[in-house]
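Me: I should like a close look at a single part of the structure shown below. Please give the cut-off of each term once, and then set that part against the remainder of the model.

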Amino acid sequence: MKHRFFGGIHPKYNKEMSTKSVTLPVIAPKQVVIPMQQHIGIPCTPLVKVGDRVLRGQKIGDGEGLCVPVHASVSGRVTAIESRPHPTLGSVPAVVIENDFQDEAVWMPIPETPEQILHTIREAGIVGMGGAAFPGDVKALSAMGKVDTLIANACECEPYITADDALLRTSPEQVLKGMQILARLLQPEKIVLAVEDNKVFAIAKIRSVLENYPEITLRILPTRYPQGAEKQLIQAVTGREVLPGKLPVSVGCAVFNVSTFAAISRAVLRGFPLTQRIVTVSGEAISQPQNFSVRIGTSFRDLIEIAGGLNEKTERVICGGPMMGVAQSDLSAPVVKATNSVLCLLKDQNGAAENPVCLRCGKCVSVCPMRLQPLYLYRYVNAGRLEELERLHILDCMECGSCAFTCPGKLPLVERFRKGKKMLKEAKAK
Ligand code: SF4
Ligand code: SF4
């Protein structure tokens, strides 16, 4: 039976820019900067000191509680432990490593039992790689025995980004094997790989090996933004609606990104910690848009140079996509585990008008996938009416930008909603 999620839009996807090349060059620069916080939760404490020699895959930071370790992504010498720019968190403590280009590595033991597999997922530093960066072992543990459907998210619905597409084109079996591993832990009745219908070559690659994985179903969904958001994907695949404030497990589902499944497969079957990921470097302002297999800690500047450099008229460099990404002010920020794209644009495509006016057309309401009322939220943020913002569930806004994209008045909706959510959270904390 076909389902669809409420709302959504059809932006220009521009994905063909970065999919012309079929190769995935490996990027291991002279220096990597490994932030001690690359996940939701408690930051890591460094386990090394300046002057230490480290090997690729060696644990260099770890902590207690909601925390997963970070690893050296190259072999070399630790030259600094200090605060450095982070693409989404401002500045955070980081371990700086000079690459000796020996690529000497340490690997983890191969696990056998479900408990050992869960432990390996943690020790490999695996987090949600679609952007959420939630510790993978904690998410898996919270879903064990509670879900009937396990979904692999290959929608990648943001314009320009093709990192998951490149993964499926080059290594579909890594993803499928990772799905088998998690299914062994979660014991779901259904295992679904969900992909949007604009990824024609990736779909062909999956189909070419799918007969070896009879327990996995391929679901091809009509392309629509923001289908890759967890709640929207669950609705599109199962018809179940996750209520505000609830988690996917409340409707018997667990969703992991395909890159996360591939990382699980590499860790569990080959003993590789998470030290590398695929990153799309794209946008009109970059000379040679392409996907790269990038060592964690590579600076955006290094990556951009390898992709041919920036056009002098570049207006914005974004970590992530044009809809939900974070604008960068310092290109020394490094690729972290959740970085799927570095996007370089000639102009801000969702820029607000100088004198924005609400025309009360209601288009924003019809596209909001969370069934919110953006025009009223905008008005109440400007008026500082916190009780109204709470009544209209502003905290459910996932900042997808569908409303701003469709707004003919060019109101700075998402920017105001971020401000409104912050105001409300601060007031609640008091
Ligand atoms: S789409 Fe823009 S102009 Fe139309 S009602 Fe919403 S905020 Fe107002
Ligand atoms: S940004 Fe928020 S209010 Fe706007 S469409 Fe997305 S969820 Fe709805």
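Reply: In the shell around ligand 2, helix 13 holds the largest share, with three residues. The model is a predicted one, in which local features require pLDDT of at least 70 and side-chain atom pairs count only at pLDDT 80 or more, while totals for chains, interfaces and linings use all residues. Residues are numbered from 1 along each chain as its sequence is written, and chains are lettered from A and ligands numbered from 1 in the order in which they are written. Helices (H or I, at least four residues) and strands (E, at least two) are DSSP runs, numbered from the N terminus.

A residue is near a molecule if its C-beta atom, placed from the backbone, lies within 6 Å of it. Around ligand 2 there are 14 such residues, and those that come nearest are Cys-368, Cys-397, Cys-400, Ser-402 and Cys-403. The elements giving two or more residues to this shell are helix 12 (402-406) and helix 13 (413-429). By class, eleven residues of the shell are nonpolar, two polar and one charged. Here Ala, Val, Leu, Ile, Met, Phe, Trp, Tyr, Cys and Pro count as nonpolar, Asp, Glu, Lys and Arg as charged, and the others, Gly among them, as polar.

Ligand 1 offers a parallel case. It is surrounded by 15 residues, the closest being Cys-358, Cys-361, Cys-364, Cys-407 and Gly-409. At least two residues each come from helix 9 (363-367) and helix 10 (374-383), and helix 10 provides the largest share, namely three. This shell comprises ten nonpolar, three polar and two charged residues.

As for the wider setting, the protein chain is divided into domain 1 (16-107 + 273-345), domain 2 (108-270) and domain 3 (363-429), with bounds taken from an automatic or database domain assignment. The C-alpha centres of domain 2 and domain 3 are 30 Å apart. Their contact draws five residues from domain 2 and six from domain 3, where contact requires C-beta atoms, placed from the backbone, within 7 Å. On the domain 2 side, four of these residues are nonpolar, one is polar and none is charged.

An open sheet is formed by four strands in the order 11-10-9-12, with parallel pairing; strands pair if DSSP finds at least two bridges between them. Strand 11 (216-221) and strand 12 (253-257) are the edge strands, each pairing on one side only. Strand 10 (residues 190-196) is joined to strand 11 by six bridges, and Leu-193 has Leu-218 in strand 11 as its bridge partner. In the loop between strand 11 and helix 6 (230-238) lies Pro-226, whose peptide bond from Tyr-225 is cis, with omega near 0 degrees.

Finally, Ile-117, Thr-120 and Ile-121 in helix 1 meet Ile-264, Ala-267 and Val-268 in helix 7. The residues of this contact are five nonpolar, one polar and no charged.

Key
Contact = placed C-beta atoms within 7 Å.
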